[in-house]
Amino acid sequence: MRIACVGGGPAALYFAALVKQLDSRHEITVWERNAADDTFGFGVVLSDETLGGIEHGDPVVYQEMAREFARWDDIDIHYRGRVITCGGNGFAALSRKRLLQILQRRCRDLGVTMHFGTTAPELAELRTGHDLVVAADGVNSLTRNALAERFRPDLDVRRCKFMWLGTDKVFDSFTFHIVDTPHGVMQIHAYPYDATMSTFIVETSQKVWECAGFSAPDLPPGLSDLASITRCEALFADILAGHRLLGNNSKWINFATVRARTWYTGNVVLLGDAAHTAHFSIGSGTKLAMEDALALAACLHEEADLHGALAAYEAERRPVVVSTQRAAQASAEWFENIDRYLGQWPERFAFSLLTRSRRVTYDNLRLRDPEFVASVADPATPPMFTPFRLRDTELRNRVVVSAMDMYSADNGLVTDFHLVHLGGKALGGAGLVMTEMVCVSETGRITPGCAGMYRTEHEAGWRRITEFVHERSGAKIGIQLGHSGRKGSTKLMWEGIDEPLPAGNWPVVAPSPLAYRPGVNQVPRELTRADLADLRGQFVLAAEMSARAGFDVLELHCAHGYLLSSFLSPVTNLRGDGYGRGLDGRLRFPIEVFTAIRQVWPADKPMTVRISATDWVEGGTTGEDAVVIAQAFAQAGADAIDVSTGGVTPDERPAFGRSYQTPYSDQIRNETGIATIAVGAISSYDDVNSLILAGRADLCALGRPHLYDPQWTLHAAVEQGYSGSGVEWPAQFAAGSRKPQTGRTDGPRPRLELIRDGQPATRHLRWRPR
């Protein structure tokens, strides 16, 4: 093949070297507009996983790199006059310039043609004259931009300003300095990359950047950047301890996350930053680029044709990149919102920082540095098994069985199914078991199978369940009250979620006459003020019945597009009266309902509120709105906010992923101090421990994991070797409190060697299976 590489960074050079090794007949040309010894930035950090791939792909390159590595294990976090150290991390870094020199020499030795200080020919000429054009021309890729209608790139410009600098101070660890300057908090990301130099990245919010005078509107750009470096030297003189800061085309910029919708078109393929970027705070730019290069080279060699190779390359790499970008965005947002965490005590702050991407977890850190984790929490008690109090109700652990609709009631009346379902979950060890959404009226049901609390027999049916939970387990049980609103009168979930009934539909209501799905669902009747008064009465009656039925906690359902949620969202509430318009108006009816319930619900028992913290659509509820909503309910007497998202409109585009809703819990809890319940794709006890210990939530609600394993909490205790007061096996289940053996094991093994005088004997005993 004739292959043209546009751009001469690590990705293009490594790719060229690999492809040439796989088949020396390939004719590969690299064009780089900068000189061979030009580079921007200072050091690059590579993971052990990436280094393993490089060692396997090109041992010559790896060995040269290995001779240059600066290696270290510790992360030092300087915060509030303390230095918190976490060891066992394992980093390797080297000079970006030295990395380029190694790769350039390797390419020359292999016969790759390289043109430095030379702009690549026009794209049309390259495409015509080559079998493949590799666009490795960086975040501002001209190749990608020339074919933007095909690649459809999205650039997400982040909020913080940062400047990439170097220093002749050699740090002995990966170092974070959280600096309280006269202008506000700034953070330093620093790490060594050779025997004489370190990378030194200064990052801060736009507001602090402006207050510090870095905008310098009266200075030309070049002088402004030099003045900024001088000012940074003064601001961080204590950290630098007499050493200098050095620039290398260093400018204040905002990081842009690049996401290309597709990575190839015709015979043009994107590589590295041209296809995707990940925020520098997780150090993945060069790592991802070199992994891309290895994958593309391998796919070209393995596949029968070019299209198949490019498709295989994107299919292999995209999931890895998306996962990394999700982690990088979580990391970037943590630093953008660092003010939220400045009230935390140093050890918790350090734990929060280290787990910010959600890739590093409690268990990871216990393996890396158990002493560090012991400084944050009692090592004998996993965070998930610490008690938590809401008013006079103490939960023995932080696990909540999330509210899950079962659609198995008989005219609103719960049955033996609910007794087995909820009773079984209570026996499974969770601190709190929540019912499904219990509807406050017959016409407030989602489906004919929804449970209710509006008839005398409903109260008795629920009392049977609460009595079982209280008598047979140490769990508390909570009821979630709600009204379906415009999402009512639909089929059971497994018959067709959100689809209207084929017959026997009841009328639905909402703040505004907007169908959930126009042309499919009913157009709801717009509620009048008299209707609102009747609805308040229904909620109050249901709350009084719930108290008599023996529930410990009451949760008001204001999420997922049901009635009260549809009042809160600007997407579904278009009213022009006092119950609409701005957020204060949209909050009015849900707060009225909550206040009325709080007046009849026992004062010693807690109330929580489930909200959708974002609608996942343009113009919908935002995280900032959710903070205001949470504060309003807290002022009305809510004890915790159950933070979910979405469900308001079928047009939503959620950013699904592991624990994807927890950033909203984190935001509400750390900006307001209100207790929160995190929910959404939390599936492992490690996730729960990490979220609780980092202060991102006070409780964690898990749904599907409890459907998969009703004894999820008990099994989590066994897996962690925990047997304290935070969990108790029912006497009837105690014989199962040790994990059973599964299948044959090969141990214990017999002795296979004789040791004489500290050395293996020359004659060995060899074990042979019969």
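1. Met 453 has plenty of company: leaving aside residues up to four places away in sequence, Met 453 touches Val 438, Cys 439, Val 440, His 458, Glu 459, Trp 462, Ile 479, Ala 542, Met 545, Ser 546, Ala 549 and Phe 551. Contact here means heavy atoms within 4.5 Å. Bear in mind that this is a predicted model, where local features need pLDDT of at least 70, side-chain atom pairs count only at pLDDT 80 or more, and totals for chains, interfaces and linings use all residues. Numbering runs from 1 along each chain as its sequence is written, and side-chain values use heavy atoms, with hydrogens and water left out.

2. Met 453 also belongs to the largest nonpolar core, 83 residues in total, where Met 453, Trp 462, Ile 597, Phe 633 and Ile 641 touch the most other members. (Such a core is a set of buried Ala, Val, Leu, Ile, Met, Phe, Trp, Tyr and Cys residues joined through side-chain atoms within 4.5 Å; buried is under 20% relative accessible area, exposed over 50%, partly exposed in between, with a 1.4 Å probe and protein chains only.) Helix α21 (residues 583-600) gives this core its largest share, 7 residues.

3. On disulfides (cysteine sulfur pairs within 2.5 Å), the whole structure has 0. Cys 211 is partly exposed at 47% relative accessibility, and its sulfur is 14 Å from the closest cysteine sulfur, in Cys 160, so that is too far for a bond. Cys 450 is in no disulfide either, with the sulfur of Cys 439, the nearest, 4.7 Å away. At 0% relative accessibility, Cys 450 is buried.

Conventions: Helices (H or I, at least four residues) and strands (E, at least two) are DSSP runs, numbered from the N terminus.
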